[in-house]
Amino acid sequence: MAYEIPVAFTGDGAGTGPLTWGQQRVWSAMRLSGLPVTMGGATPLPPGMTIEWAVDLLRYLMTRHPALRTRVVLDEHGEPSQQVAGAGTITLTVLDADDPAPPVPPFDSERDWPIRMAVTRADDVLTSLVVTYNQLAVDQHGLDALMADLAHLAE
């Protein structure tokens, strides 16, 4: 049975500012198409990974990367800016491998954090890590930085 674990986080760099050029392009594409622009994937986990490890990983990523604490804020004219939070709560989803895949709503860039993380398990053993990013916050260079962080953590 799928369930969610709340993960509290804090981080530096809180504030509001204009969208970057890249964010403006992604925002425009999403508004025109009505579709989210995301990237991510799944990776198998080595034996011994625990739900506590996954919670700590998500908290670490949220604390370290201000982009993952960024949401879009619309002004009274509907013009977007970005707002980085200094603290908040995100959820880690735990999925059983034999459960049907739950429906995944599109990112709401004004309300959702720009990362979704889940772990899958079979017989109470974690098998995969699944991560999806809203491309308003993470582009290919940002994904490379996140992957370098994860590789470093695995050492």
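Reader: In which loop is L68 found?

Author: L68 is found in the loop that lies between α2 and β4, and you should keep in mind as we go on that the model we are reading is a predicted one.

Reader: Is L68 buried or exposed?

Author: A residue counts as buried when its relative accessible area is under 20%, and because the value for L68 is 1%, L68 is buried.

Reader: Which residues is L68 in contact with, once its neighbours within four places in sequence are left aside?

Author: With those neighbours left aside, L68 is in contact with L61, M62, W113, P114, I115, Y133, V138 and L146. For one of these partners, W113, the separation can be given in two ways, since L68 and W113 are 45 residues apart in sequence and 6.6 Å apart in space, C-alpha to C-alpha.

Reader: I115 is in that list of contacts; what does I115 itself touch, not counting residues up to four places away in sequence?

Author: Under that condition, I115 touches L58, L61, M62, L68, I90, F107, V131, T132 and Y133. I115 also belongs to the largest nonpolar core, a set of 29 residues in which I115, M117 and Y133 touch the most other members. The elements β1 (3-10), α2 (51-64), β6, β7, β8 and α3 (140-154) each supply at least two residues of this core, and α2 gives the most, with seven residues. There is also a second, separate core of six residues, which includes L19, V26, W27 and V72.

Reader: How should I read the strands, and how many bridges join β1 to β6?

Author: As a general idea, the side chains in a regular strand alternate between the two faces of the sheet. In this structure, β1 and β6 run antiparallel and are joined by eight bridges, and A8 stands opposite T89 in β6. Between β6 and β7, which run parallel, there are five bridges, and V94 has V119 in β7 as its bridge partner.

Reader: What volume does the largest pocket have, and which residues line it?

Author: The volume of the largest pocket is about 580 Å³. Its lining consists of 23 residues, and those nearest its centre are E4, T93, V104, R116 and M117. Two or more residues of this lining come from each of β6 (87-96), β7 (115-122) and β8 (125-134), with β6 giving the most, five residues. Sorted by class, the lining of the largest pocket has 15 nonpolar, four polar and four charged residues.

Reader: How many cavities of 30 Å³ or more are counted?

Author: The count comes to one cavity of 30 Å³ or more, and the volume of the largest cavity is about 70 Å³. It is lined by 13 residues, of which T70, R71, V72, S109 and L136 are the closest to its centre. Strand β4 (residues 70-74) provides the largest share of this lining, three residues. By class, the lining of the largest cavity divides into five nonpolar, five polar and three charged residues.

Reader: L136 is among the residues closest to the centre of that cavity; where is Q23, which is in contact with L136?

Author: Q23 is found in helix α1, which covers residues 21-33. Leaving aside its neighbours within four places in sequence, Q23 is in contact with P18, Q82 and L136.

Reader: Why does Q23 count as buried?

Author: The same kind of reading applies here as for L68: the cut-off for buried is under 20% relative accessible area, and Q23 is buried because its value is 10%.

How values were computed. Residues are numbered from 1 along each chain as its sequence is written. This is a predicted model: local features need pLDDT of at least 70, side-chain atom pairs count only at pLDDT 80 or more; totals for chains, interfaces and linings use all residues. Side-chain values use heavy atoms; hydrogens and water are left out. Helices (H or I, at least four residues) and strands (E, at least two) are DSSP runs, numbered from the N terminus. Buried means under 20% relative accessible area, exposed over 50%, partly exposed in between (1.4 Å probe, protein chains only). Contact means heavy atoms within 4.5 Å. On a 1 Å grid over the protein atoms alone, a cavity is a set of points where a 1.4 Å probe fits but cannot get out, and a pocket is an open set with protein on both sides within 12 Å along at least five of seven lines; lining residues have an atom within 4 Å of a point. Grid points are joined across faces, edges and corners, and a volume is the space filled by probe spheres set on the points. Ala, Val, Leu, Ile, Met, Phe, Trp, Tyr, Cys and Pro count as nonpolar, Asp, Glu, Lys and Arg as charged, and the others, Gly among them, as polar. A nonpolar core is a set of buried Ala, Val, Leu, Ile, Met, Phe, Trp, Tyr and Cys residues joined through side-chain atoms within 4.5 Å. Two strands pair if DSSP finds at least two bridges between them.
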